[in-house]
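Visitor: I should like to learn how the features of a structural model are read. Might we take them one at a time?

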Amino acid sequence: MIDLLLPALIIFLLLNLAAGMVRVARGPTAADRMLSALLFGSTTVAILLILAEWMGEAALRNVALLFVMLAAIVSLAFFGMPRDDADDGDEP
Amino acid sequence: MNLAVDMLIGAGLLVLAWQTISGRSLFRGIVLFVVFGLTMALAWARMGAPDLALAEAAIGAGVTGALMLVAFRRLVRIRPDQCAQPALRRSRLAVPVAVLAGGLVGVIGLAVVAVERDPALAGLAVTEALTDSGLGNPITGVLLLYRNLDTLLEVAVLLAAFLAARTVFGEDESRPPTPARREVPLVGALLAIIVPLTILIATHLLLAGSREPGGAFQAGAVLAASGVLLVLAGRLQPATALSAGPAFGLTLGLMLFSLVGLAVMAFGDPLLALPGLWAVYLIETAMMLSIAMTLVLLFAGASGLRRSGP
Amino acid sequence: MSASEVLASLLLLTGGLFYLAGTVGLLRFPDVYSRLHALTKADNLGLLLVCSGLSLLAGTWRAAALLATIWLLGLLAATVSAHLIARHARAHDAAGDKR
């Protein structure tokens, strides 16, 4: 039963991701596209964890750990740190 | 069920690859590339290659995605017209190259399907020999005991890549110094948690690499990711001079590996025959530091780094 | 099928539903800020439920601790990312720039 549930859940999450792709395609802003990348990150982590249990491969949990640990890097790079140019949104 | 999961991941990879390069907008391509990396890690996981999934996670999530986004930000500043441009013109070579590549993949695929599976005698012998050496992870074992010259040369290639890139860094001296960056709330907290954790995880991957998936390359990439984080947050600023510390870190792996590899000859062993498990750990640690240092400097696009900020 | 397996299945299924909710929110909500809410909140709850379910299945303390760490790091990453993305979006809204 569990052996059926785990792959079914993986397929469900993968289809979920495929639906999320629509947002990458449609945008409209860069922030929206970045958000979809976030969705992909957290869903991939869940899929990896389920795969680890299903395949009995404990090392995949470490892969998930790396992804979740480094997930913020992409957002930080996207935002950059605010500089004194046009893309700084702070009030002076 | 297995087949459905694998087909979905495979189809996803193809669609993502196509969408990434079909280039409706540059930024969209970058996001899709990041997503492609995530899916690729799933594919490695399904193929039973957690070592590669670890490397993909560390490099893809920690370095390349950030590198492309930073490059995009710089491109927006210096060539705004190029980013807005909707479609890149397709090269006339694209179709022939695609056909050739497809044909090649097809031929190799058919050849692999047609190959009769021999009982893998070499693999069995290696696994047996590795159990005696005390290395439980066959990948680390093969990399350091059987392909040691390749591994040494890979470290050398990384150093060569840095030296080659350095010739381009020179132009950056004309660039005005980065303005002081203001702190964004939460980023300090993020650094305070993630940076120590990456050091812990890198050490774990390095030590565990002798028994389970992990090793110097993965550990080095994780360490590099924390360096990238510090560069992005402005805690490490690019510097033009290569100071002693980074220079030592850059060359440590190559130096220590060659030194140990040569020293064993004095005892009558062949070149690069590692004398024991301690040597494996020593060399892996040195390689981890070198790999991390090289990647961070390449990411920063600078010969050196200096600390700044709190 | 033991009681813990039943509980784990329930947790996993609920987790999957929260992921679905996050995706629906991402697709259907009108602007970046509300999409941000849909995604970071629903997905993290989904991750918590999936992690709890998997800890029950794995049945070792080591795995459970690792899964808990992963969830906490997920919370941290989502918090910081949501903050940074929202700040970026606000900056561009203020500038009237819809890149």
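Guide: Let us begin with burial: a residue is buried if 20 or more other C-beta atoms lie within 10 Å of its own. The model is predicted. In it, 17 of the 21 residues of helix 2 of chain B are buried, and the helix is mostly covered.

Visitor: Why does the distance between the end C-alpha atoms of helix 2 of chain B agree with its number of residues?

Guide: The expected span of a helix is 1.5 Å times one less than its number of residues. Helix 2 of chain B covers residues 26-46, so its 21 residues should span 30 Å, and its end C-alpha atoms are indeed 30 Å apart. After this helix comes G48(B), with a positive phi near 70°.

Visitor: Into which domains is chain B divided?

Guide: Domain bounds come from an automatic or database domain assignment. Here domain 1 takes residues 1-123, while domain 2 joins 139-172 and 180-310. Taken over C-alpha atoms, the centres of the two domains are separated by 25 Å. Contact involves 10 residues of domain 1 of chain B and 14 residues of domain 2 of chain B. The side belonging to domain 1 has eight nonpolar residues, one polar and one charged.

Visitor: How many residues of chain B are in contact with chain C?

Guide: Four residues of chain B meet four residues of chain C. On the chain B side, four are nonpolar, with no polar and no charged residues.

Visitor: Which pattern does chain A follow along the sequence?

Guide: Chain A reads α-α-α, with three helices and zero strands. Of its 92 residues, 61% count as buried.

Definitions and conventions
Residues are numbered from 1 along each chain as its sequence is written. Chains are lettered from A and ligands numbered from 1 in the order in which they are written. This is a predicted model: local features need pLDDT of at least 70, side-chain atom pairs count only at pLDDT 80 or more; totals for chains, interfaces and linings use all residues. Two residues are in contact if their C-beta atoms, placed from the backbone, lie within 7 Å. Ala, Val, Leu, Ile, Met, Phe, Trp, Tyr, Cys and Pro count as nonpolar, Asp, Glu, Lys and Arg as charged, and the others, Gly among them, as polar. Helices (H or I, at least four residues) and strands (E, at least two) are DSSP runs, numbered from the N terminus. A residue is buried if 20 or more other C-beta atoms lie within 10 Å of its own, exposed if 12 or fewer, and partly exposed in between; C-beta atoms are placed from the backbone.
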